[in-house]
Structures are given as C-alpha cells and as structure tokens.
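Here is a walk through one protein chain, taken from its open pockets to its enclosed cavities and then to two helix contacts. Keep the structure in view as you read.

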Amino acid sequence: MKNWWRWLIAINLGILVIGVLMKVVNDVPNLTYLHLLVDYHFGFIKRALIGELLSLFMEKVPPSAVFALGSAIIAVTLLLYLRLFQNTFRFSEASLPLFVFIAGSPFFFKNFVKTIGYFDVYGCALAIVLLLVPATSFGFVILAATGSMVLILVHHLHTLLYVPTIAAIVIVRFFLVRRPTRFELVVSAALAVAIAAEFFLMQVGGVVRATPDAFRNYLLSRMTDGGTATESISNYLVWFRSASEEITTTLGELPANLSVSWFYVLLVVLHAPVVRYFRNSISALASQEHRRIVVALLVAISLCHLVIFAVVYDYSRWVSAWAVCMMLMLHAIKQLPAAHAVPLIAPDDKTAFRLAAVLTLIPRVGIVRPF
C-alpha cells in the first residue's frame with residue numbers, strides 16, 4: 001500500500017499540470033486581468049499594488065501575464081511548502097499519507113490553480129515564509145507586520161483572509177516560546193494598530209478619483225488584446241462599489257451559496273484523518289496554556305473568515321482559504337513543545353487511503369460555488 005500513496009501524489013501532480021494547461025488554453029481572464037491593469041495613475045486606490053509594479057516595466061499588459069504571474073507565484077508557494085513539510089514532518093514513507101491529505105487537498109494547490117490571477121496565494125506564500133524563517137529575534141515580528149501591510153496593499157481582503165493567520169503564527173512562534181520584553185509588546189501593539197489603520201484608511205481613501213468613463217478608458221489603454229478587452233472591461237465597476245453594495249449583493253447570493261454548503265461539510269469529513277491528527281497534536285502540547293491559546297487563535301481565524309462570508313460572496317474561495325489557514329496552523333503548532341509524539345496517519349490505513357483517493361480525484365473546490 002505504500003506505493004499506492006506515491007501514485008496518489010503523482011495523480012495530484014498531474015491534476016495540477018492539467019489544471020494550469022486548461023486555464024491557459026480555455027479561460028479568458030476577466031477581473032483577474034483588470035487587477036494587473038489598475039495602478040496608481042489616478043492616485044492611491046485599493047488592490048492596485050501589483051498593477052503599479054507591472055506599470056514600472058510595461059506600458060501595456062497582455063492577458064497572458066495573468067497566467068504567467070499566477071503560475072509563477074503558485075510554483076514558488078509549492079516549493080516553499082515542500083520545504084516547510086520537510087522541516088516539520090520529514091519526507092518518508094510514514095509521512096506520505098499526511099502529505100497527500102494536505103498538499104493534495106482540493107482546498108489547497110489545486111484550488112490555487114483554479115483561482116489563478118487572484119491574490120489569495122500571496123497571503124499563503126507569506127505565511128509559509130514566516131513558518132520557515134527563524135523566529136529568534138524581534139525582526140521576525142517586524143517582517144510579519146511589514147509583509148501584512150504589503151498584503152493589504154495587494155488586496156484589502158487579506159486583512160481578514162490571511163493576516164489573522166500570520167498574526168497567529170507570530171504569536172505561536174515568537175510570543176509563546178520566549179518571554180517578550182515590554183518594548184517588544186508595546187511595538188507589537190503599535191504595529192497591530194498600524195495594520196488596522198491601514199485597512200480603514202484604504203476603505204476611506206482608496207477610492208478611485210476619476211469618473212467611471214475615465215477609469216474605463218485608461219484601463220482600455222493598457223490592454224493589448226481587443227477581444228479580451230470586450231469581455232474583461234465590464235468588471236471595472238468593481239472599483240466603484242462600496243462595502244454596503246458588496247454586502248447587499250452577497251445577501252442576494254446567500255440562498256444559492258447556502259444550498260451547496262453541504263459540499264464543504266462533506267469535504268471536511270473526507271479530511272477526517274488529518275483533522276484527527278490536528279486535534280491530537282493540540283492535545284499533545286506540553287502546556288495547557290498553549291493549548292488554550294491555540295484553540296482561541298483557531299476560533300479567531302475562523303471568525304475572521306465568517307466576516308468575509310458576509311461581505312463578498314466568493315464562498316468557495318473563502319472556505320478553501322480557511323482550510324489552508326488551518327493546515328498552515330498545524331505546522332505552527334508542531335513547533336511548540338509537546339508532551340509526547342503524535343502518531344502520523346498510518347500508510348497501511350485502508351480507510352485513510354480511500355478518503356485520500358476520493359480527495360485526489362476532486363480537482364478543485366471553485367471560486368463562488370463548487371466547481
């Protein structure tokens with residue numbers, strides 16, 4: 001059965017490659033293309049940092065840049081995760097089942113391929129970096145805070161999407177393993193306030209300072225493909241929508257989204273072996289205080305994702321992001337002192353293999369609704 005787990009890894013890799021090829025051949029980027037065109041031409045606005053950086057190198061942006069840039073960041077994130085898994089669990093026959101459940105989950109890299117061009121993967125990449133770099137000095141906290149502020153410039157939803165997980169990683173890796181000084185606590189609190197202030201300032205000051213027609217015409221001037229422009233440009237009004245309009249639209253989509261919520265529950269159930277391992281890893285922590293703080297952090301991360309559900313209706317993306325955050329938190333938890341070792345998912349566990357095989361054959365979760 002050990003070789004069968006290797007086959008599941010190969011199948012997952014094949015699905016990733018096929019997914020990228022299908023996106024490049026069949027998909028016409030719409031909103032994701034506009035994200036690379038919007039810059040600071042009319043002044044500072046939300047979710048325009050990537051477009052601004054591209055504008056420094058190219059006057060016009062081809063639609064292919066969505067797939068090139070998206071594939072590159074996914075590949076980098078995958079390589080970073082391979083290193084993280086090696087650091088945490090070590091690649092061996094014993095750890096292969098856990099690797100299949102996490103890296104091969106339809107919540108994770110397969111869904112990043114489905115959402116190529118969206119900025120969710122950037123938050124995941126930063127979180128993995130923070131799980132890899134040493135957390136022995138206060139520079140770790142400053143790196144996390146700086147990275148979080150850049151993430152919010154990339155897309156303000158990262159404030160609730162990945163920044164809470166990044167904060168949890170900082171708490172687990174830095175504040176729970178050493179006694180912070182008063183200076184470090186004060187500066188950390190100031191950095192947290194600065195991150196919150198950045199988000200609220202973006203909500204107020206990050207609006208487009210141009211008429212819709214002027215904004216639309218500028219985006220058209222940065223496009224290289226007329227056919228793609230016709231399909232993509234209709235999404236430009238997203239930059240003019242208020243938070244109240246977003247919530248109204250989300251509430252309108254709520255019945256349709258809730259009607260398929262059973263699918264997400266089913267997917268979590270299919271991850272039962274890794275969920276059980278996660279629970280056992282928390283129970284095995286040597287400190288009761290650590291256990292309580294970890295549980296509180298997991299609840300806080302989940303609540304932040306619930307807030308996103310109330311504002312933007314891309315539910316499949318948000319559920320996937322929540323699952324990825326939970327998986328990354330597993331790596332953080334494994335860096336805390338444990339009272340005893342936790343057995344990995346057994347390679348000869350037939351039930352676990354069947355569940356992993358089903359998850360392997362699910363190519364993605366989706367963006368708004370499953371598939």
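Helices here are DSSP runs of H or I with at least four residues, numbered from the N terminus. With that numbering, α6 covers residues 109-114. The model is predicted, so begin with confidence, since where pLDDT is low, the predicted coordinates should not be read in detail. The mean pLDDT of the protein chain is 93. Of its residues, 97% reach 70 or more. Helix α13, residues 226-232, has the lowest confidence, with a mean of 58. Helix α7, residues 120-132, has the highest, at 98.

Start with the largest pocket. Its volume is about 940 Å³. The lining counts 41 residues. Closest to the centre of this pocket are L31, R47, V312, D314 and R317. Many helices take part in the lining. Those that each give at least two residues are α2 (31-37), α4 (64-89), α9 (158-161), α11 (182-205), α14 (243-258), α17 (288-311) and α18 (315-333). By class, the lining of the largest pocket holds 22 nonpolar, ten polar and nine charged residues.

Next comes the second largest pocket. Its volume is about 420 Å³. Here 24 residues form the lining. V163, I166, A167, A192 and I195 lie nearest the centre of this second pocket. At least two lining residues come from each of α8 (139-154), α9, α10 (163-175), α11 and α17. Helix α10 gives the largest share, eight residues. What is the class make-up of the lining of the second largest pocket? It has 21 nonpolar residues, three polar residues and no charged ones. Note the helices that recur. Helices α9, α11 and α17 each supply at least two lining residues to the largest pocket, and each does so for the second largest pocket as well.

Now turn to the enclosed spaces. How many cavities of 30 Å³ or more does the structure hold? There are two. The largest cavity contains about 60 Å³ of space. Its lining is made of T32, L36, V66, L69, G70, I73, G117, Y118, F119 and Y122. Helices α2 and α4 each contribute at least two of these residues. The largest share, four residues, is from α4. The lining of the largest cavity splits into seven nonpolar, three polar and no charged residues.

The second largest cavity contains about 50 Å³ of space. Around it sit F107, F108, N111, F112, T115, D120, Y162, R317, S320, A321 and V324. Helices α6 and α18 each supply at least two residues of this lining. Helix α18 gives the largest share, four residues. By class, the lining of the second largest cavity has six nonpolar, three polar and two charged residues. One residue links two of these spaces. R317 lines the second largest cavity, and R317 is also among the residues closest to the centre of the largest pocket.

Finish with how helices pack. Two packed helices are described by the angle between their axes and the distance between the axes. Take α14 and α17, which both help line the largest pocket. Their axes are 6 Å apart, and the helices pack at an angle of about 85°. Angles of 65 to 115 degrees count as roughly perpendicular, and α14 and α17 are therefore roughly perpendicular to each other. At the contact, E246, I247 and T250 of α14 meet F309, A310 and V311 of α17. This contact has four nonpolar, one polar and one charged residues.

The other pair is α15, residues 261-270, and α16, residues 272-283. Their axes come within 5 Å and cross at roughly 70°. Helices α15 and α16 are therefore also roughly perpendicular to each other. On the α15 side, V268, V269 and L270 make the contact. On the α16 side, their partners are A272, P273 and V275. The residues of this contact comprise six nonpolar, no polar and no charged.

How values were computed:
Residues numbered from 1 in each chain as written. Predicted model: local features only at pLDDT ≥ 70, side-chain atom pairs only at ≥ 80, totals over all residues. Heavy atoms only, no water. Axes fitted to C-alpha atoms, helices over the stretch in contact; angles between N-to-C directions. Parallel < 35°, antiparallel > 145°, perpendicular 65-115°, else oblique. Contact = heavy atoms within 4.5 Å. Nonpolar A, V, L, I, M, F, W, Y, C, P; charged D, E, K, R; others polar. 1 Å grid on protein atoms, 1.4 Å probe; cavity = no way out; pocket = protein on both sides within 12 Å on 5 of 7 lines; lining within 4 Å. Points joined across faces, edges and corners; volume = space filled by probe spheres on them. pLDDT = per-residue confidence, 0-100.
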